[in-house]
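Biologist: I want the reasons behind the labels in this model. Take me through them.

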Amino acid sequence: TPLTNTILYLDGVHVSFDGFRALNQLSLAIAPGEMRAIIGPNGAGKTTMMDCITGKTKPDGGVVMFDGAVDLTQLDEAAIAELGIGRKFQKPTVFETLTVEDNVRLALKGPRSPWSALFGERNRIARERITEVLDIARMTEHRDRLAADLSHGQKQWLEIAMLLAQDPKLLLVDEPVAGMTDSETMETAKLLKKICAQGHAVVVVEHDMLFVRELDCKVTVLHEGSTLAEGSIDAVSVNERVVEVYLGR
Ligand code: ADP
C-alpha cells in the first residue's frame, strides 16, 4: 500500500474556507528521514497544508496519516506534537532573557520531549544531549550568550536546535531563511541536511530558490491547493505548467 514506508501520507485532502477551496485533493507522501521542499505561489495552500498536519486546521475530507498508522485528523494539536512532529514558524521564537544553553534545556525538559523523564537534577544524559544539539546547530561557542543578543540567523538556528532536542520524527519548517544573508542561508541548508542525515524527516516550505537548490532534495510544487509538479528542482523549474504559474501566464 502507499502507506508502507511513509512518515507522512496525505491523500485527497480538502479544506474549504467559506466555500473557497484552500486545499483541493491534495496528496503527498514523505518517507522516513526524507527531506522535501514545498514551493508554490502565494495562496497555493502551503500554510494550510502544514496546519492540517499539525492539527491546527481539520480537513473537510481526505486522509492525513503519520508513520503509516496514526490518523492525524482524529487528534488535537498537543497530541500530534507528542507523536514527534515539530513545527518551526517563520519568525524565530526563543526565550530572549535566557541563555542559548538554557533555551535548549527548556526544550529538552518540555512535555513533548522523550527526554523529559530522564531530566533529573543536572542529569548527565540531558547535559550530553544539550551539548550534542548545540554542536549540530553550530551554536556551541554561543551557549552562554543571552538569546536576545543573537543575530536573526542565530536565533533561527537556536530554535531549530530546540526542536531537534525533542527528537522529532518529522520536522516542519516554514520559510527559515527569510531575512537571512546568503551565507546564513547556506549554513541553514547545511544544518537541515545534517538533521535529515540523522534520520529526521524534514519538510520545508520556502520561496528562496537559492536555498531550495542547496537543499538538493525532491521538490513539490503546490498550486491552487493541489500538487502541480514533483521532482528535482531542475526538473520542476523547466516544467511548463510550473513556469506558467510563476510567470502568471
Ligand atoms: P500559502 O501558504 O501557500 O500562501 P495559504 O495556505 O496561506 O497559502 O492559503 C491558501 C488560500 O486559503 C489563500 O487563498 C488564503 O487566502 C486562504 N485562507 C487561508 N487561511 C484562511 C482562513 N483562515 N480563512 C479564510 N481563507 C483562508
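Modeller: Start at the ligand. A polar side-chain atom of Thr 48 lies 2.6 Å from one of the ligand's oxygen atoms. This is a predicted model, where local features need pLDDT of at least 70, side-chain atom pairs count only at pLDDT 80 or more, and totals for chains, interfaces and linings use all residues. Residues are numbered from 1 along each chain as its sequence is written, and side-chain values use heavy atoms, leaving out hydrogens and water.

Biologist: What makes the Thr 48 pair with the ligand a polar contact?

Modeller: A polar contact is a pair of N or O atoms within 3.5 Å. The Thr 48 pair lies at 2.6 Å, so it counts.

Biologist: Which backbone atoms lie 3.2 Å and 3.0 Å from a ligand oxygen?

Modeller: A backbone N or O atom of Ala 44 lies at 3.2 Å. For Gly 45, a backbone N or O atom lies at 3.0 Å. The protein buries 58% of the 560 Å² that the ligand exposes when taken alone (Shrake-Rupley method, 1.4 Å probe).

Biologist: Which element gives the most to the shell around the ligand?

Modeller: α1, with three residues. Helices are DSSP runs of H or I, at least four residues; strands are runs of E, at least two.

Biologist: Why are α5 and α6 called roughly parallel?

Modeller: Their angle is about 5 degrees. Angles under 35 degrees count as roughly parallel, so the label follows. Angles run from 0 to 180 degrees between N-to-C directions. The axes are 11 Å apart.

Methods
Parallel < 35°, antiparallel > 145°, perpendicular 65-115°, else oblique. Polar contact = N/O pair within 3.5 Å; in protein donor to acceptor, adjacent residues only side chain to side chain.
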